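Biologist: I've got this one open on my screen and want to talk it through. Can you start with what you mean by a pocket, then take me round?

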Amino acid sequence: MINLINTHSGEAVVVDEQLAGCYVSSKVVLLRPNSDLLSAEYLSIAINSAYVKAQLGDRTLGLIPALSVNRLRTVQIPVPPAEVQRGI
């Protein structure tokens, strides 16, 4: 899950199965990575990294900082092999 608005814009967390079916705000995007290529844990770490945060900052606009889904789609996230992801 990644927050799209306000002071926490661009912050990501991993949501566990216990929250399946819960309401998600329109200001939050639920990301479901292809688990054959990318672990949810690694994706969260990558999104919260300085490299991706800089890209998110460049794409955040407005008096109330906001990130659009279309701009989020343009962010480049490095995808190392699964064994490297597990080690991070």
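Modeller: Sure. By a pocket I mean an open set of grid points where a 1.4 Å probe fits, with protein on both sides within 12 Å along at least five of seven lines. Keep in mind that this is a predicted model.

Biologist: Fine. What volume does the largest pocket have?

Modeller: The largest pocket comes out at about 520 Å³.

Biologist: And which residues lie nearest its centre?

Modeller: Val 15, Asp 16, Leu 30, Leu 31 and Arg 32 do, out of a lining of 22 residues. By class, that lining splits into 17 nonpolar, two polar and three charged residues.

Biologist: What about the second largest pocket, how much space lies in there?

Modeller: About 160 Å³. Its lining includes Ile 2, Val 29, Ile 47, Leu 56 and Leu 72, along with Arg 73. Ten of the lining residues are nonpolar, one is charged and none is polar.

Biologist: Which helices each supply at least two residues of that lining?

Modeller: α2 and α3, the latter covering 69-72.

Biologist: OK, switching to the core. How many residues does the largest nonpolar core have?

Modeller: It has 14, and the ones with the most contacts inside it are Ile 2, Leu 4, Val 29, Ile 47, Leu 56, Leu 67 and Leu 72. Helices α1 (40-47) and α2 (50-59) each put in at least two residues. The largest share is from α1, with four residues.

Biologist: Is there a general idea behind that sort of clustering?

Modeller: Yes, nonpolar side chains tend to be buried together in soluble globular proteins.

Biologist: Val 29 was in that list. What is Val 29 in contact with, leaving aside neighbours within four places in sequence?

Modeller: Val 29 contacts Met 1, Ile 2, Leu 4, Val 69 and Leu 72.

Biologist: Now Ser 44. Buried or exposed?

Modeller: Ser 44 sits in helix α1. Its relative accessible area is 11%, and the cut-off for buried is under 20%, so Ser 44 counts as buried. Not counting residues up to four places away in sequence, Ser 44 touches Ala 12, Val 13 and Val 14.

Biologist: And Ala 50, why is it classed the way it is?

Modeller: Ala 50 belongs to helix α2. It is called exposed because its relative accessible area is 66%, and exposed means over 50%.

Biologist: Last one: what separates the C-alpha atoms of Ala 50 and Ser 9?

Modeller: They are 14 Å apart in space, with the two residues 41 residues apart along the chain.

Technical notes: Residues are numbered from 1 along each chain as its sequence is written. This is a predicted model: local features need pLDDT of at least 70, side-chain atom pairs count only at pLDDT 80 or more; totals for chains, interfaces and linings use all residues. Side-chain values use heavy atoms; hydrogens and water are left out. A nonpolar core is a set of buried Ala, Val, Leu, Ile, Met, Phe, Trp, Tyr and Cys residues joined through side-chain atoms within 4.5 Å. Buried means under 20% relative accessible area, exposed over 50%, partly exposed in between (1.4 Å probe, protein chains only). Contact means heavy atoms within 4.5 Å. On a 1 Å grid over the protein atoms alone, a cavity is a set of points where a 1.4 Å probe fits but cannot get out, and a pocket is an open set with protein on both sides within 12 Å along at least five of seven lines; lining residues have an atom within 4 Å of a point. Grid points are joined across faces, edges and corners, and a volume is the space filled by probe spheres set on the points. Ala, Val, Leu, Ile, Met, Phe, Trp, Tyr, Cys and Pro count as nonpolar, Asp, Glu, Lys and Arg as charged, and the others, Gly among them, as polar.
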